[in-house]
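Visitor: I would like a close look at one part of this protein, and then at what lies around that part. Please take it slowly, as I am new to reading structures.

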Amino acid sequence: MSLPSKLFKSLVNIKKDLKEDVDAVFTRDPAARNSLEVILTYPGIHALILHRGAHCLWNNEQKLAARVISYGSRIITGIEIHPAAKIGRRFFIDHGVGVVIGETAEIGNDVTLYHGVTLGGVSWNNGKRHPTLEDGVTVGAGAKVLGPFTVGKNAKIGSNAVVVKPVPAGATMIGSAARMISDHHDEKGNPLTTKVQDAKQQEKVAQAGESDEQTKDMTPTAKRTNTFRAYGIDPYSQDPVAEAFAKMLEHIQQSENRLDQLQSAMCDIDPSFCKKKYDKLCLEDLDVIGRADIDAVDTEQK
């Protein structure tokens with residue numbers, strides 16, 4: 001193929017990729033208003049354009065030039081992407097400041113990263129050192145994904161989570177070190193459901209049972225609002241540790257009420273039996289659960 005033909009083909013591909021990138025911004029950022037604003041003011045778009053050029057140079061053995069472009073991109077955008085990193089289509093970096101993507105990181109299609117995310121390594125050895133993010137992954141602000149493992153399709157990593165082990169498709173990881181909150185997996189990543197027969201069923205499980213019938217009559221704006229998960233976490237998700245404490249405290253209070261009933265029965269049988277005063281456990285004294293959980297427990301006891 002002649003040089004003019006290669007140049008024309010490259011320009012066509014760049015235009016197509018840029019259009020997809022801009023469309024991805026509109027899909028995942030409610031603040032986006034028009035294409036010109038996105039192209040001129042979104043550092044994630046600038047970093048991605050520069051990375052594609054640096055990645056092309058890297059693959060053509062122009063490694064110094066690639067690193068220079070990468071360094072310039074970091075100065076301009078605050079986003080550091082190694083030229084060797086492999087990035088798929090419709091990749092979106094929201095806000096972007098402090099994002100670091102390592103040399104052997106691999107990112108699939110339709111992935112979203114927020115500011116402060118690190119896709120880093122935990123080894124000085126050569127070879128694969130950084131994580132692989134499959135299609136549809138969302139990583140919240142400040143999260144650290146460290147190591148040469150895979151984060152499965154449509155998984156979500158909450159803000160400030162530190163993930164150091166593989167994540168199954170559709171799971172949500174929160175905390176440091178990150179714990180999994182999923183209706184379909186235990187904390188070790190083992191499926192709670194029986195055998196999934198084929199890939200389509202597994203994808204349905206990963207999407208938590210969202211059916212097409214629920215969204216087919218919705219407007220594009222409503223669809224975007226319905227699927228938007230800010231910073232990689234569902235606003236209705238609960239910390240499993242807080243939930244465990246709430247259940248344990250509820251059980252303790254139920255036991256205390258039962259002891260009170262037994263003590264009252266003993267007093268009826270033997271009037272000389274004296275009630276002993278003791279301080280009961282008060283949920284308001286504990287900060288591990290919220291006011292809503294306290295009110296819910298009190299309501300159930302009444």
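Visitor: Leaving aside its neighbours within four places in sequence, which residues is His55 in contact with?

Guide: Keep in mind that this is a predicted model. His55 is in contact with Pro83, Ala84, Ala85 and Lys86, once its neighbours within four places in sequence are left aside. Take Lys86 from that list: 31 residues separate His55 and Lys86 along the chain, and their C-alpha atoms are 8.0 Å apart.

His55 itself lies in helix α3, so helix α3, which covers residues 43-59, is the place to go next. The axes of α3 and α4 come within 8 Å of each other and cross at roughly 170 degrees. Angles over 145 degrees count as roughly antiparallel, and α3 and α4 are therefore roughly antiparallel to each other. On the α3 side, the residues that meet α4 are Pro43, His46, Ala47, Leu50, Ala54, Leu57 and Trp58. Their counterparts in α4 are Lys63, Ala65, Ala66, Arg67, Ile69, Ser70, Ser73 and Thr77.

One of the α3 residues just named, Leu50, also has a part on the surface. Together with Tyr71, Ile75 and Ile76, Leu50 makes a nonpolar surface patch of about 430 Å². Helix α4, residues 63-77, gives the most to this patch, with three residues. Ile76 has its place in helix α4. Is Ile76 buried or exposed? With a relative accessible area of 64%, Ile76 is exposed, because exposed means over 50%.

Now for charged side chains. A search of the whole structure finds ten salt bridges. One of them joins Arg28 and Asp110, whose closest N and O atoms are 4.0 Å apart. Arg28 lies in helix α1 (residues 3-28), while Asp110 is in the loop between β5 (106-107) and β6 (112-113), so this pair ties together parts that are 82 residues apart in sequence. The two partners can be described by their accessibility as well. Arg28 has a relative accessible area of 14% and is buried, because buried means under 20%. Asp110, at 32%, is partly exposed.

A second salt bridge is formed by the side chains of Glu37 and Arg33, with 2.6 Å from N to O. Glu37 counts as buried at 18% relative accessibility, whereas Arg33 counts as exposed at 65%.

A third salt bridge is formed by Lys128 and Glu106, where the closest N and O atoms are 3.6 Å apart. This pair links distant parts of the chain: Lys128 is in the loop between β7 (118-120) and β8 (132-133), and Glu106 is in strand β5, 22 residues away. Lys128 counts as partly exposed at 34% relative accessibility, and Glu106 is also partly exposed, at 32%. Some salt bridges share partners, and in this way Glu20, Arg28, Arg89, Arg90 and Asp110 are joined into one network.

Stay a moment with Lys128 and Glu106. Lys128 is among the residues that Thr104 touches; the others are Gly127, Arg129, His130 and Pro131, not counting residues up to four places away in sequence. Thr104 lies in the loop between β4 (100-101) and β5. Thr104 is buried, with a relative accessible area of 17%. Glu106, for its part, is in contact with Thr132, as are Phe149, Thr150 and Val151, leaving aside the neighbours of Thr132 within four places in sequence. Thr132 is found in strand β8 and counts as buried at 18% relative accessibility.

Last, step back to the whole protein. The protein contains eight helices and 15 strands. Of its 302 residues, 32% are buried. Among contacts with a separation of 6 or more, 38% are between residues 24 or more positions apart. The accessible surface comes to about 18600 Å², and 56% of this belongs to carbon and sulfur atoms.

To return to the starting point: His55 sits in helix α3, and its contacts include Lys86, which is 31 residues away along the chain. Helix α3 also runs roughly antiparallel to α4.

Conventions: Residues are numbered from 1 along each chain as its sequence is written. This is a predicted model: local features need pLDDT of at least 70, side-chain atom pairs count only at pLDDT 80 or more; totals for chains, interfaces and linings use all residues. Side-chain values use heavy atoms; hydrogens and water are left out. Patches are made of residues with over 30% relative accessible area and no salt bridge: like charges are joined within 9 Å, nonpolar side chains (Val, Leu, Ile, Met, Phe, Trp, Tyr) within 5 Å. Accessible areas come from the Shrake-Rupley method with a 1.4 Å probe; for residues, only the protein chains shown count as cover. Helices (H or I, at least four residues) and strands (E, at least two) are DSSP runs, numbered from the N terminus. Buried means under 20% relative accessible area, exposed over 50%, partly exposed in between (1.4 Å probe, protein chains only). Axes are lines fitted to C-alpha atoms, for helices over the stretch in contact, and angles run from 0 to 180 degrees between N-to-C directions. Angles under 35 degrees count as roughly parallel, over 145 as roughly antiparallel, 65 to 115 as roughly perpendicular and the rest as oblique. Contact means heavy atoms within 4.5 Å.
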